Amino acid sequence: MEIPMGKCVCIFMCILAASATSFRLVSSSSTCKRDSMEFLHDLNSQCPLSIHCSSPPIQVNEESLEIAMSSIQDNEYVAVLFYASWCPFSSVFQSRFSTLSSMYPQIKHIMVDQTSVLPSVFSRYGIHSVPSLIIVNQSSRVRYHGRKDLNSVVNFYKKTTGLDPVVDIVDDTACNLESEKQVFGVWKGASLKEISSREPFLLVSILFSVSRAFLYLFPNIVSHLMAIWLAHIPHLNMGIFGESRQLLGRALHLIDVKRVWSKLKVCKTRNFHKGARNARTAEAVNPKAYPLADAKLITTILDLVQQAANYKQLKKGANEATKTLNRGISEFVVMAADAEPLEILLHLPLLVEDM
């Protein structure tokens, strides 16, 4: 830990002056109290360093996260780390996040575990990978994209908040190497079968990358394989497929496809309306689903939804609605009152108001 000499002198002078003043207050009479208070006021106004008490990052759940986000004051910043307890990279970055809380005690640091919140919370903040770091204030939300070393993250803090660290801490290279050894030490001595059973998606991604590289280095290999196939594999009788195609064409000619499709759409719309009426008159509607649309407005909304579906301008699901809102391409959001559980939709009104 390295503390600049100027800050050390300032801290020492402030503590020394405060100690001398308190000693003077105890030993003197009440007539000197006014002069001492004026001296303390002048000292606080002239001291360039505000001493903050550093606190470790706070572990929060979904409810505590919403309370923390809604209670942000003016010119206040909150750093949020989204991580997963099973991710080794998250465990490495957690130690640096604790170091950042000591360097920036004026910024509130909180951590959110993936297993303690719903997936919609991560989607609401645009988090699709761990570990992810964002800095939030009343007007903006900035996500960090870059290297996970301490110097890079400190530069991100300075650029986003305009604040300098209270204490300068040098990143320990030996500690970082030891952490990386712990992360990748799991793969040492492991067989291919163990790796495939432990991380099947990693094996699939490696095979895909190798095949793409092979096709890039040898672009003519596909044509050669096709030539070998045609030369050694007996030719199939393609006439069967030609006859089947003629029969299929005749069957489609006899059936009025457009008429059948229109009837299906009418039946689907009626089912939508029937389901809406049932949801409207059900006694078990969640009281949080307020305000509810009346019967006339339900019909109008469902007609609009049907038209959007016909023009392929409809996105279904809470995750898709969140994505379109974050991208600024959403015009109209419809929420079902009988969604179970309803909490998967409760973030959408807040997001709509923000957008």
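Helices (H or I, at least four residues) and strands (E, at least two) are DSSP runs, numbered from the N terminus. The model is predicted, so local features need pLDDT of at least 70 and side-chain atom pairs count only at pLDDT 80 or more, while totals for chains, interfaces and linings use all residues. Residues are numbered from 1 along each chain as its sequence is written, and side-chain values use heavy atoms, with hydrogens and water left out.

**Exercise 1. Find the helix that gives the most to the nonpolar surface patch.**

Step 1: Recall that patches are made of residues with over 30% relative accessible area and no salt bridge, where like charges are joined within 9 Å and nonpolar side chains (Val, Leu, Ile, Met, Phe, Trp, Tyr) within 5 Å. Accessible areas come from the Shrake-Rupley method with a 1.4 Å probe, and for residues only the protein chains shown count as cover.

Step 2: List the members, which are F214, L215, Y216, L217, F218, V222 and M226, and which make a patch of about 770 Å².

Step 3: Turn to the helices, where α9 (200-217) and α10 (221-232) each supply at least two residues of the patch. The helix asked for is α9, with four residues.

Step 4: Take F214 as an example, since its place is in helix α9. Buried means under 20% relative accessible area, exposed over 50%, and partly exposed in between (1.4 Å probe, protein chains only); F214, at 42%, therefore counts as partly exposed.

**Exercise 2. Describe the aromatic pair of F82 and F122, and state which parts of the chain the pair ties together.**

Step 1: Rings of Phe, Tyr and Trp (its six-membered ring) pair if their centres lie within 6.5 Å; planes under 30 degrees apart count as stacked, over 60 as edge-to-face and the rest as tilted. A search of the whole structure finds six aromatic pairs.

Step 2: For F82 and F122, the centres are 5.1 Å apart with 70 degrees between the planes, and the pair is edge-to-face.

Step 3: Because F82 lies in strand β2 (residues 78-83) and F122 in helix α5 (residues 119-124), the pair ties together parts that are 40 residues apart in sequence. Both F82 and F122 are buried.

Step 4: For practice, treat Y104 and Y157 in the same manner: with 4.9 Å centre to centre and 40 degrees between the planes, their pair is tilted. Both Y104 and Y157 are buried, and ring pairs link Y104, Y144, F156 and Y157 into a cluster.

**Exercise 3. Decide how the salt bridge of R124 and E66 is placed in the chain, and whether each of these residues is buried or partly exposed.**

Step 1: A salt bridge is a side-chain nitrogen of Lys or Arg within 4 Å of a carboxyl oxygen of Asp or Glu. By this rule the count comes to four salt bridges.

Step 2: The side chains of R124 and E66 meet at 2.2 Å, N to O. This pair links distant parts of the chain, with R124 in helix α5 and E66 in helix α3, 58 residues apart.

Step 3: R124 is buried, with a relative accessible area of 12%, whereas E66 is partly exposed, with 26%. E62, E66 and R124 are linked in a network of salt bridges.

Step 4: Set beside this the salt bridge of K323 with E320, whose closest N and O atoms are 3.9 Å apart. Both K323 and E320 lie in helix α14 (residues 318-327), three residues apart, about one turn of the helix.
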